[in-house]
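Good morning, and thank you for joining this group meeting. I would like to take you through a few local features of one structure, which is now placed before you.

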Amino acid sequence: MHGGEGRFAQVIVPSPLKEPLTYEIPPCIRDGLKIGMRVVVSMGRRKVTGIVVDFRSETHVKQVKEI
């Protein structure tokens, strides 16, 4: 994983939200995921394309969805 070790990705999505959203990185893509890559994430009932902007090893978010 480029950009640091982590189980979680900070993802920006096309929405009025100003902060990146946190998503868990599945083990099968953890080694290949890089900052700047596009990913498909769930936002409510729909799927949207977002961009990975950072990695985190921990999060305070209780229920984290997978990329």
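**A strand residue, a surface patch and a pocket**

I begin with Ile51, which is partly exposed, having a relative accessible area of 36%. Please keep in mind throughout that we are looking at a predicted model. Ile51 belongs to strand 4, covering residues 46–56.

On the surface, Ile51 joins Ile12 and Val53 in a nonpolar patch. Together, these three residues have about 200 Å² of accessible area.

Let us turn to Gln10, which sits in strand 1, residues 8–12. Is Gln10 buried or exposed? Its relative accessibility is 10%, and buried means under 20%, so Gln10 counts as buried. Leaving aside residues up to four places away in sequence, Gln10 touches Ile51, Val52, Val53, Asp54 and Arg56, and also Pro20, Leu21 and Thr22. Ile51 and Val53, two members of the nonpolar patch, are thus among the contacts of Gln10.

My last topic is the largest pocket, whose volume is about 240 Å³. Which residues lie nearest its centre? They are Leu21, Thr22, Tyr23, Thr59 and Val61, out of 15 residues that line the largest pocket. Leu21 and Thr22 also appear among the residues that Gln10 touches.

As for the strands, strand 2 (21–24) and strand 3 (38–43) each contribute at least two residues to the lining of the largest pocket. Strand 2 provides the largest share of that lining, with 3 residues.

Thank you for your attention.

Conventions. Residues numbered from 1 in each chain as written. Predicted model: local features only at pLDDT ≥ 70, side-chain atom pairs only at ≥ 80, totals over all residues. Heavy atoms only, no water. Helix = DSSP H or I, 4+ residues; strand = E, 2+ residues; numbered from the N terminus. Buried < 20%, exposed > 50% of the residue type's maximum accessible area, 1.4 Å probe, protein only. Contact = heavy atoms within 4.5 Å. Patch = residues over 30% accessible without salt bridge, like charges linked within 9 Å, V, L, I, M, F, W, Y side chains within 5 Å. Areas by Shrake-Rupley, 256 points an atom, 1.4 Å probe, with all protein chains shown as cover. Salt bridge = Lys/Arg side-chain N within 4 Å of Asp/Glu carboxyl O. 1 Å grid on protein atoms, 1.4 Å probe; cavity = no way out; pocket = protein on both sides within 12 Å on 5 of 7 lines; lining within 4 Å. Points joined across faces, edges and corners; volume = space filled by probe spheres on them.
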